There are 2 protein chains.
Amino acid sequence: MKALTPKGAATRQRIIEGAAAEIRERGAAATTLDDVRARTGTSKSQLFHYFPDGKEELLLAVARYEADRVLTDQQPQLSDLTSWPTWSAWRDRVVARYLGQGRSCPLNGLVSQLGRTTPGAQAVLTELLHAWQAEITAGIRHMQRIGEVDPGLDAERASAALIAGIQGGVMVMLATGRIGHLEAALDVGIDNLRASRRDNVVSGLPDRRLNPASARHDRQETA
Amino acid sequence: MKALTPKGAATRQRIIEGAAAEIRERGAAATTLDDVRARTGTSKSQLFHYFPDGKEELLLAVARYEADRVLTDQQPQLSDLTSWPTWSAWRDRVVARYLGQGRSCPLNGLVSQLGRTTPGAQAVLTELLHAWQAEITAGIRHMQRIGEVDPGLDAERASAALIAGIQGGVMVMLATGRIGHLEAALDVGIDNLRASRRDNVVSGLPDRRLNPASARHDRQETA
DNA sequence: CAAAAAATGGACCCGCAAGTCCAGAATCCC
DNA sequence: GGGATTCTGGACTTGCGGGTCCATTTTTTG
């Protein structure tokens, strides 16, 4: 694990990228170590040399690799959500990214493969989601500061809802092949941010609260 | 497949339910036919008697079974979204359902297991999503009819966004164990439906459109 | 009740893919 | 240059799990 020669590091990286490509094409469940070996022009012993814990460790490395890509593919807009045109550009970028990716979500398959087995897999996802949401929250807060979004709005919650919408939109795309839900989630989410400000300006109600009633009532003994 | 004796039908059903339970506990990927056999007190030959195409056919049957449960678990509220209290009760019911289900989403694992292999798996999901969204759309349209939601709002798109938010909220819960995103998606989505009407009433702008600008511009050559 | 059909039990087969091992080649470090 | 270390090749083992087969029992049907 330590003391990795330059050549070794390159090979290791080649293995990760080859495995990632293989997984995108055939899915995480269907990808075998032999597939990776063949594609990357390596041998069994190298796979276990660089990933002593075998497939699990390799898949985890690929998951980390893919998680990085998710965020970098949204740059530079994601870190600069400071005007509506940038929000719009970001929206288009997200749509384009997942449209281009087609029917496969490497991370989804990867995590549901490692799943319960590895705590590391969930850590990767948790960290990704956290970083992602932090960027969006920062963007919303900025829009609030420059008066483009209702300052009374809960930025954390709005970004949580937006993240959820994106995730779900992607998931629907995986199942159905249609990207409409992802677009709808993004458009509705962003429009609501915009609308929150316009409402205040037009109606002049400074105390408008989101979610006035649905928060703390448990009534599920209907059936 | 045809001519199924009552006893046979019962056994078949027992197998499906046992497999579903096993998958919930250990995940779709980790569940073997032998696990199912052991839990349901059946033999190998019975499994293949009732599911001649083997594991694939069984998993598909389980997927159908779980898909049914998703919708029925939301009844009767889902089919009766005709007042805000019902919407709120539905919201609580969805949250409670996925909270109780804990860390496993049988359908997610199931589909990513069958995945690319079977067109049938995607058909199940597509149908589920379609039926689900139809119910929500009907609810929104009803609220529009009784003047509780802006009639200019695109009901199909709002329901698409809401569905996406729920899916993503569940997915986040699977990864992180926290249910906040699901709650946020539901609350924000429903609040926005409510707010759309209040905005109109207060501001008196009948021509308020959602998504005025973000639809048809491709600007993603920034990086 | 008897023949046919369905349901059941369980031993067996078989291929695949993860993981092991060791020998040899390339590289590093002094 | 030479000893140590890392890197690479590929044959081999192994276990698991999906799928097959047939004999036996139970149920249906006429």
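Student: In this predicted model, how do the residues of the surface near DNA strand D divide into nonpolar, polar and charged?
Tutor: The surface near DNA strand D is made up of 23 residues, and each of them can be assigned to one of three classes, with Gly counted as polar. The division comes to 5 nonpolar, 12 polar and 6 charged.

Student: Which element gives the most residues to that surface near DNA strand D?
Tutor: Among the residues closest to DNA strand D are A:Thr5, A:Gly8 and A:Ser45, together with B:Leu33 and B:Gly54. Two or more residues of the surface come from each of α1 and α3 of chain A and α1, α2 (33-40) and α3 of chain B. The element that gives the most, with 4 residues, is α3(A).

Student: Which element gives the most to the surface near DNA strand C?
Tutor: DNA strand C is surrounded by 23 residues, and the closest include A:Leu33, A:Gly54 and B:Ser45. At least two residues each are supplied by α1 (6-26), α2 (33-40) and α3 (44-50) of chain A, and by α1 (6-26) and α3 (44-50) of chain B. By class, this surface has 5 nonpolar, 12 polar and 6 charged residues. With 4 residues, the element that gives the most is α3(B).

Student: How many helices and strands are there in chain A?
Tutor: Read from the N terminus on, the elements of chain A run α-α-α-α-α-α-α-α-α. The count for chain A is therefore 9 helices and 0 strands.

Student: Why does the distance between the end C-alpha atoms of helix α7 of chain A agree with its number of residues?
Tutor: Helix α7 of chain A covers residues 119-145, which is 27 residues, and at 1.5 Å a residue it should span 39 Å. The expected span takes one less than the number of residues. The end C-alpha atoms of α7 agree with that span because they are apart by 39 Å.

Student: Which residue just after α7(A) takes a positive phi?
Tutor: Within α7(A) the buried residues include A:Leu125, A:Leu129, A:Trp132 and A:Ile136. An α-helix has 3.6 residues a turn, so residues three or four places apart point the same way. Just after this helix, a positive phi of about 80° is taken by A:Gly147.

Student: Which residues does B:Ala63 touch, not counting residues up to four places away in sequence?
Tutor: The largest nonpolar core has 117 residues, and B:Ala63 is one of those that touch the most other members, as are A:Val62 and A:Leu110. Leaving out residues up to four places away in sequence, B:Ala63 touches B:Leu107, B:Leu110, B:Val111, B:Ala121 and B:Val124.

How values were computed
Residues numbered from 1 in each chain as written. Chains lettered and ligands numbered in written order. Predicted model: local features only at pLDDT ≥ 70, side-chain atom pairs only at ≥ 80, totals over all residues. Near = placed C-beta within 6 Å. Buried ≥ 20, exposed ≤ 12 C-beta atoms within 10 Å, placed from the backbone. Core = buried A, V, L, I, M, F, W, Y, C linked by C-beta atoms within 7 Å. Contact = placed C-beta atoms within 7 Å.
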